[in-house]
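Open the structure in your viewer and set it to a cartoon display. Keep the sequence panel visible, since the stops below are given by residue number.

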Amino acid sequence: MARSQPQNAPDDSDALEHAIAGVAAAMADPSRVKMLSALMDGRAWTATELSAVTDVAPSTASAHLNRLMNSGLIVCVAQGRHRYYRLAGSDIAALIENMMGVSWRRIDVPKSSTPASLRIARTCYDHLAGEIAVQIYSAMAKQGWITPEGSTVTLYGQQQFAALRIDLSQPGRRKACCGCLDWSERRFHLGGYAGAALLTAFNAQGWLTRQPGYREVAFSEAGIRHLRQVFAINLAD
């Protein structure tokens, strides 16, 4: 005879609701949000670095990091005697980026209070975000590199990516291509494996530089020239 379910045992929906509440509670602290925002640069940070960026004591930072790890938002990577913390994956980065977009709508005149460097070009975990990234995505859609909804790189797009020496051959289980809503521009930039590959290639080819520990990126003269030639983006405008 099959055992009956205990009366007070939670069903699957209850478990999911508790899990969602747990993730929300882990993010419901300004210091932990600062840590997650810092980790949005795609790099791994030490506890000391995250303590400094949040301006809290090391012991407090350690408690915050444990809370974030227990909620599955970050992971710890040990290398020798050092321990580094990073976001648990691109899905967590997407969640944080969406939260930024939702939260920004609660702030009056967001454009005036957003640092110009962040608005123009920044990283969104492992891909480009900001005004330039939005313009790149728009140009790709207009030129037929990606399908209108942004879910697939077209055959023509594959050829264009290859011409720019951007490797799309190993997406793994990750989405090959998708639109990621930009929190400052309220429009889409390129996410998924294609977005990550584009940032990697631009960096490797010297078209942009990244500031260690920050999300801002700056385009070089070669990068500006290629933006103009390939995507009709003129940074002088």
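The tour starts with the whole chain and then goes through it part by part.

**Whole chain**

Keep in mind throughout that this is a predicted model. With the protein chain coloured by secondary structure, there are eleven helices and nine strands to find. Of its 237 residues, 38% are buried. Switch on the surface: the chain exposes about 13,400 Å², and 54% of that comes from carbon and sulfur atoms. Among contacts with a separation of 6 or more, 58% join residues 24 or more positions apart.

**Helix α3**

Select residues 47–54, which form helix α3. Which of its residues are buried? Show side chains for Leu50, Ser51 and Thr54 to see them. These residues span an arc of only 105° around the axis, so they sit on the same side of α3. Now turn to the face pointing away from that buried side, where Thr48 and Ala52 are exposed.

To see what covers the buried residues of α3, add α2 (30–39), β1 (45–46), α4 (58–70) and β3 (82–87), which are included in the cover. Move on to Asp55, which follows α3 and has a positive phi, near 60°.

**The packing of α3 and α4**

Keep α3 on screen with α4. Two packed helices are described by the angle between their axes and the distance between the axes. For α3 and α4 the angle is about 105° and the axes are 9 Å apart. Angles from 65 to 115 degrees count as roughly perpendicular, which means that α3 is roughly perpendicular to α4. Show the side chains that make the contact: Ala47, Leu50 and Ser51 from α3, and Pro58, Ala61 and Leu65 from α4. Leu50 and Ser51 are thus part of this contact and also belong to the buried residues of α3.

**The three-stranded sheet**

Next select β1, β2 and β3. They form an open sheet in the order β1-β3-β2, with antiparallel pairing. Because β1 and β2 (74–79) are at the edges with a single partner strand each, one side of each has no neighbour in the sheet. Zoom in on β2 and β3, which are joined in the antiparallel sense by six bridges. To locate one bridge, pick Ile74, whose partner in β3 is Leu87.

Bring α2 back into view. This helix lies across β1, β2 and β3, and runs at about 90° to β3.

**The β6–β7 hairpin**

Go to residues 178–181 (β6) and 188–191 (β7), an antiparallel pair with four bridges. Leu181 has its bridge partner, Phe188, in β7. How many residues lie between the two strands of this hairpin? There are six, and in the turn Arg186 has a positive phi of about 60°.

**Helix α11**

For the last stop, select residues 221–231, helix α11. Gly223, Leu227 and Phe231 are its buried residues. Look down the axis of α11: the buried residues fall within an arc of 45°, and therefore line one face of the helix. On the face turned away from them, Glu221 and Gln229 are exposed.

Add α8 (131–143), α10 (192–204) and β9 (217–219) to the view, as the buried residues of α11 pack against these elements. Finish at Ala232, just after α11, where phi is positive at about 60°.

How values were computed
Residues numbered from 1 in each chain as written. Predicted model: local features only at pLDDT ≥ 70, side-chain atom pairs only at ≥ 80, totals over all residues. Heavy atoms only, no water. Buried < 20%, exposed > 50% of the residue type's maximum accessible area, 1.4 Å probe, protein only. Arc of directions from axis to C-beta. Contact = heavy atoms within 4.5 Å. Pairing = 2+ DSSP bridges. Axes fitted to C-alpha atoms, helices over the stretch in contact; angles between N-to-C directions. Areas by Shrake-Rupley, 256 points an atom, 1.4 Å probe, with all protein chains shown as cover. Parallel < 35°, antiparallel > 145°, perpendicular 65-115°, else oblique.
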